[in-house]
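Colleague: I am new to this model. Please walk me through how to read it.

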Amino acid sequence: MKKIILYFIICIFIIGCASTNKIYNDITTFQLKKITSNEIPQIENKQNGVEKLSNVTISQGYFPELNVYEFNQPEIYNRKVGVVNTAVSYYYTKKDSVVRVISYAWNEQDDNQSIQKIFDANKKLFTKFFDDSGNVTRTDEPTYWQDKITWENKKIMVLQFILGNNKGAYRTRTIIKYK
């Protein structure tokens with residue numbers, strides 16, 4: 001009987017650990033496990049992502065340790081779920097192809113309210129995942145406002161922000177940085 005209970009506990013632990021590779025909501029799937037660039041096409045294929053060629057760089061605001069690594073040109077994919085378009089950018093290092101940062105971006109949709117809904121859905125998802133409401137800051141400027149939330153554990157740091165103006169929200173990002 002003790003062996004059965006121990007076996008049951010081990011199974012629950014294994015299932016719980018396996019499920020933390022990614023989390024998702026109705027909008028998108030977030031990659032939580034550190035990956036290499038070789039895994040990106042398989043992940044995006046499952047998400048119906050379409051590769052987008054673009055010449056962009058990573059900023060120190062996204063990745064404060066920017067001077068420690070040399071990055072390749074990021075791989076960028078567009079995902080469409082219903083009417084919601086998500087741009088996913090994978091930033092990985094030249095030396096070892098390890099993805100260090102993934103940015104999930106939503107720009108102005110058909111209405112400003114949908115951006116707020118995306119932000120709120122992602123906030124709910126990460127608050128539940130971290131079992132913490134995160135570190136919240138608000139910036140109010142004459143021409144825009146920004147809300148920013150940060151969650152962190154031993155393996156990842158998640159930064160989510162939303163930008164808006166007097167018409168409403170027009171851009172939100174969720175950035176996952178791997179430690």
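Modeller: We take the sheet, then two backbone angles.

Modeller: This is a predicted model: local features need pLDDT of at least 70, side-chain atom pairs count only at pLDDT 80 or more, and totals for chains, interfaces and linings use all residues. Residues are numbered from 1 along each chain as its sequence is written, and side-chain values use heavy atoms, without hydrogens and water.

Colleague: In what order do the strands of the open sheet run?

Modeller: Strands are DSSP runs of E, at least two residues, and helices are runs of H or I, at least four, numbered from the N terminus. Two strands pair if DSSP finds at least two bridges between them. Here eight strands form an open sheet, ordered β3-β4-β5-β6-β10-β9-β8-β7, with antiparallel pairing.

Colleague: Which strands stand at the edges?

Modeller: β3 (50-52) and β7 (135-140) do; each has a single partner strand, so one side of each lacks a neighbour in the sheet. β7 pairs with β8 (residues 145-152) over six bridges, in the antiparallel sense. T139 stands opposite Q146 in β8.

Colleague: What sign does phi usually have?

Modeller: Most residues other than glycine have a negative phi. S97 has a positive phi, near 60°. S97 lies in the loop between β5 (84-92) and β6 (99-107). D131 also has a positive phi, about 55°, and is not a glycine. D131 sits in the loop between α3 (112-130) and β7.

Colleague: Is D131 buried or exposed?

Modeller: Buried means under 20% relative accessible area, exposed over 50%, partly exposed in between (1.4 Å probe, protein chains only). D131 is exposed, at 71%. S97 is partly exposed, at 22%.
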